[in-house]
Amino acid sequence: MHPHETLIRAFYEAFARHDAEAMARCYHADIFFTDPVFQSLRGRAAGDMWRMLLSRAKDLEVTLDAADADNDGGTARWTARYTFTRTGRPVVNHVAAMFAFRDGLIVRHYDNFSFWRWSRQALGPVGMLLGWSQLIKWKVRKDAAQALDRFTERDR
């Protein structure tokens with residue numbers, strides 16, 4: 001197994017056991033992370049996002065469905081099952097991830113999932129009717145960014 005694939009697997013093993021510190025140690029200091037909700041996180045903010053999410057996770061189950069990597073980059077498919085805390089609604093989120101590496105660590109991490117599919121589950125009728133709209137995306141992203149800012153301020 002390529003060392004980068006081993007690193008990806010270690011990242012998701014840490015995620016599955018809710019160990020945000022071990023996840024953050026897989027990241028390079030110059031990490032850039034993005035997904036449909038948390039966009040353009042750099043450096044410590046990427047690790048703080050995982051710290052925040054895992055500190056709130058009551059019933060999160062993470063499954064690594066596939067992983068592959070070589071010298072040029074890596075990919076993973078993973079699934080998260082959890083209750084969205086704001087609404088109490090169950091979510092099953094299927095995520096495709098892409099990675100780039102530097103110095104044996106993850107330096108770029110791109111997660112992609114269907115925002116509309118996620119919003120239908122997490123937000124219920126509002127997500128079903130409006131989850132495709134930029135207004136809902138903007139509101140979810142804004143709330144997530146504010147929550148991360150509050151978490152980071154409290155954690156320092």
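A charge sits over a ring if NZ of Lys or CZ of Arg is within 6 Å of the ring centre and within 35 degrees of the ring normal. The exercises below use a predicted model.

**Exercise 1. Charge and ring**

Task: Find the ring under the charged end of Arg120, and give the distance from its centre.

Solution:
- Step 1. The ring belongs to Trp116.
- Step 2. The charged end of Arg120 is 4.2 Å from the centre of that ring.
- Step 3. The cut-off is within 6 Å of the ring centre. Arg120 is listed as sitting over the ring of Trp116.

**Exercise 2. Two ring pairs**

Task: Classify the pairs Phe11–Tyr27 and Phe115–Trp118, then place them in the fold.

Solution:
- Step 1. A search of the whole structure gives 13 aromatic pairs.
- Step 2. For Phe11 and Tyr27, the ring centres are 5.4 Å apart and the planes meet at 35 degrees, so this pair is tilted.
- Step 3. Phe11 belongs to helix α1 (residues 3-16) and Tyr27 to strand β1 (residues 27-34), so their pair ties together parts 16 residues apart in sequence.
- Step 4. Both Phe11 and Tyr27 are buried.
- Step 5. For Phe115 and Trp118, the centres are 5.5 Å apart and the planes stand at 45 degrees, so this pair is tilted.
- Step 6. Phe115 and Trp118 are 3 residues apart in helix α4 (residues 115-123), which means about one helical turn separates them.
- Step 7. Buried means under 20% relative accessible area. Phe115 has 6%, so Phe115 is buried. Trp118 has 5%, so Trp118 is buried.

**Exercise 3. Phe15 in the core**

Task: Trace the role of Phe15 in the largest nonpolar core, in its contacts and in the aromatic cluster.

Solution:
- Step 1. The core holds 45 residues. Phe15 is among those touching the most other members, with Tyr12, Phe38, Trp50 and Ile106.
- Step 2. Set aside neighbours within four places in sequence. Phe15 then contacts Met23, Trp50, Leu54, Leu60, Val62 and Trp78.
- Step 3. Phe15 also joins one aromatic cluster, with Phe11, Tyr12, Tyr27, Phe33, Trp50, Trp78, Phe99 and Phe101.

**Exercise 4. The largest pocket**

Task: Which element gives the most residues to the lining of the largest pocket?

Solution:
- Step 1. The pocket volume is about 830 Å³.
- Step 2. Its lining counts 35 residues; Phe38, Leu53, Tyr82, Phe84 and Trp118 lie nearest the centre.
- Step 3. Elements giving two or more lining residues are α3 (44-56), β4 (74-84), β5 (89-102), α4 and α6 (134-155).
- Step 4. α6 gives the most, with 8 residues.

Conventions
Residues numbered from 1 in each chain as written. Predicted model: local features only at pLDDT ≥ 70, side-chain atom pairs only at ≥ 80, totals over all residues. Heavy atoms only, no water. Core = buried A, V, L, I, M, F, W, Y, C linked by side-chain atoms within 4.5 Å. Buried < 20%, exposed > 50% of the residue type's maximum accessible area, 1.4 Å probe, protein only. Contact = heavy atoms within 4.5 Å. Phe/Tyr/Trp six-rings, centres within 6.5 Å; stacked < 30°, edge-to-face > 60°. Helix = DSSP H or I, 4+ residues; strand = E, 2+ residues; numbered from the N terminus. 1 Å grid on protein atoms, 1.4 Å probe; cavity = no way out; pocket = protein on both sides within 12 Å on 5 of 7 lines; lining within 4 Å. Points joined across faces, edges and corners; volume = space filled by probe spheres on them.
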